[in-house]
Amino acid sequence: MKAILVGAVESSRIALKCLAASPRWDLKAVFTLPPDLAGRHSDFVDLSADCESVGTRIVHTANINSDAALQAIRAMEPDYIFVIGWSQICGADFRATAGKGVVGYHPAPLPRLRGRAVIPWTILLNEPISASSLFLIDEGVDSGPLLGQRYFHLSPDETAATLYAKHMAKLDEMLPPVLEDIASGSPQLTVQDERNATYAARRRPEDGLIDWTQPAAAVWRCVRACGDPYPGAWTILGNDRIVIKTAVPVLLHHHAAAMAGQIVERGEGNFTVKCGDDQGLLVSQWQTTRESPLPNHAVLGRPKAEAA
């Protein structure tokens, strides 16, 4: 079977490895972003060395639906195209370049959470279970029949990084048998139940702004959902942006007379912020370009005029 891979993140690297290792597949090329467009994915992975190590051609493209990309794909006459780790919609002309079908990957239990930013949304929605899903791409949004799915539980303190790693492990486990199944000529397909379909909207870096009037548990979810490999949950003090990287909720016993967002305790390398439910968030790792230390009793989340 002749294959082409389209992708630019860690899941793309796993797919490349699995395709290259399968004796039943001939990986003709990997289409990926040029390095100067790495900013399109916060979890971008340069696949150049991986392609070189397995002797696979690498093709850089900013738009997989462009005439140049389509012409190059048609010349390779792939049986299947694997779109794993690519943010653009696969247009009809692109899908038509694959002789037998286009395979997609989604880090969610399809048909639940179709769409964008599903790893952060999984944590923000406090989902207890997730799944990695492989499916045939059709004209809809993550709506094609399933080729394979692996379920797993989320931990109460799951972060974007740990959830991401679980999905990568499940993809690495699931893809080889799915490749064998497809190569057999009659893959097992499961039609998605539209009654259970839900959709996740796109998230932008500014959506990680912390609302300190929310309960501590909700603020903690925001910190866990928006962290590495994503831009992070953040707050402001004056004109300074502060990214909260690691934190845990704590009970506050002596700080009822404080405002939501106010720093109420300081420790060695940490500080505690009061949240909207009279609990606090103990922050142990943060990042800022601010030159001076955070002042005691400062109220986070206020612009410069209010912070003064």
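This text walks through a predicted model, from its domains and their interface to single residues.

Start with the overall division. The chain splits into two domains. Domain 1 covers residues 2–200, and domain 2 covers residues 205–288. Their centres, taken over C-alpha atoms, lie 34 Å apart.

The UniProt record offers its own annotation, in an unreviewed entry. It lists "domain: Formyl transferase N-terminal" for residues 61–178. Within residues 61–178, helix accounts for 34% of the chain and strand for 24%. The C-alpha atoms at the two ends of that stretch are 27 Å apart. The record also lists "domain: Formyl transferase C-terminal", for residues 205–294. In residues 205–294 the figures are 12% helix and 42% strand. Here the end C-alpha atoms are 23 Å apart.

Now turn to the interface. How many residues of domain 1 are in contact with domain 2? The count is 14, and they meet 10 residues of domain 2. Together the two domains bury about 1000 Å². Carbon and sulfur atoms carry 63% of that area. What about charge pairing across the interface? Between domain 1 and domain 2 there are 0 salt bridges. Polar contacts do occur: 4 residue pairs across the interface satisfy the rule, with both residues at pLDDT 80 or more.

Which elements give two or more residues to the domain 1 side of this interface? They are helix H5 (118–124) and helix H6 (160–183). H5 gives the largest share, with 4 residues. By residue class, the domain 1 side that touches domain 2 holds 8 nonpolar, 3 polar and 3 charged residues.

Salt bridges are found elsewhere. Over the whole structure the search returns 15 of them, against the 0 counted between domain 1 and domain 2. One salt bridge joins the side chains of aspartate 50 and arginine 13, at 3.4 Å from N to O. This pair ties together distant parts of the chain, 37 residues apart. Arginine 13 sits in helix H1 (residues 10–21), while aspartate 50 sits in helix H2 (residues 48–54).

The backbone has some details to inspect as well. Begin in the loop between strand S5 (101–106) and strand S6 (114–115), which holds proline 111. The peptide bond from leucine 110 to proline 111 is cis, and its omega is near 15°. Leucine 113 is found in the loop between S5 and S6 too. Its phi is positive, near 60°, in a residue other than glycine. That loop therefore deserves a look in the viewer. A second cis peptide bond runs from aspartate 228 to proline 229, with omega near 10°. Proline 229 belongs to the loop between helix H7 (216–226) and strand S10 (233–238).

Technical notes: Residues numbered from 1 in each chain as written. Predicted model: local features only at pLDDT ≥ 70, side-chain atom pairs only at ≥ 80, totals over all residues. Heavy atoms only, no water. Domains from an automatic or database assignment. Contact = heavy atoms within 4.5 Å. Buried area = accessible area lost by both parts, 1.4 Å probe. Salt bridge = Lys/Arg side-chain N within 4 Å of Asp/Glu carboxyl O. Polar contact = N/O pair within 3.5 Å; in protein donor to acceptor, adjacent residues only side chain to side chain. Nonpolar A, V, L, I, M, F, W, Y, C, P; charged D, E, K, R; others polar. UniProt positions renumbered as here; feature names shortened; annotations may be inferred.
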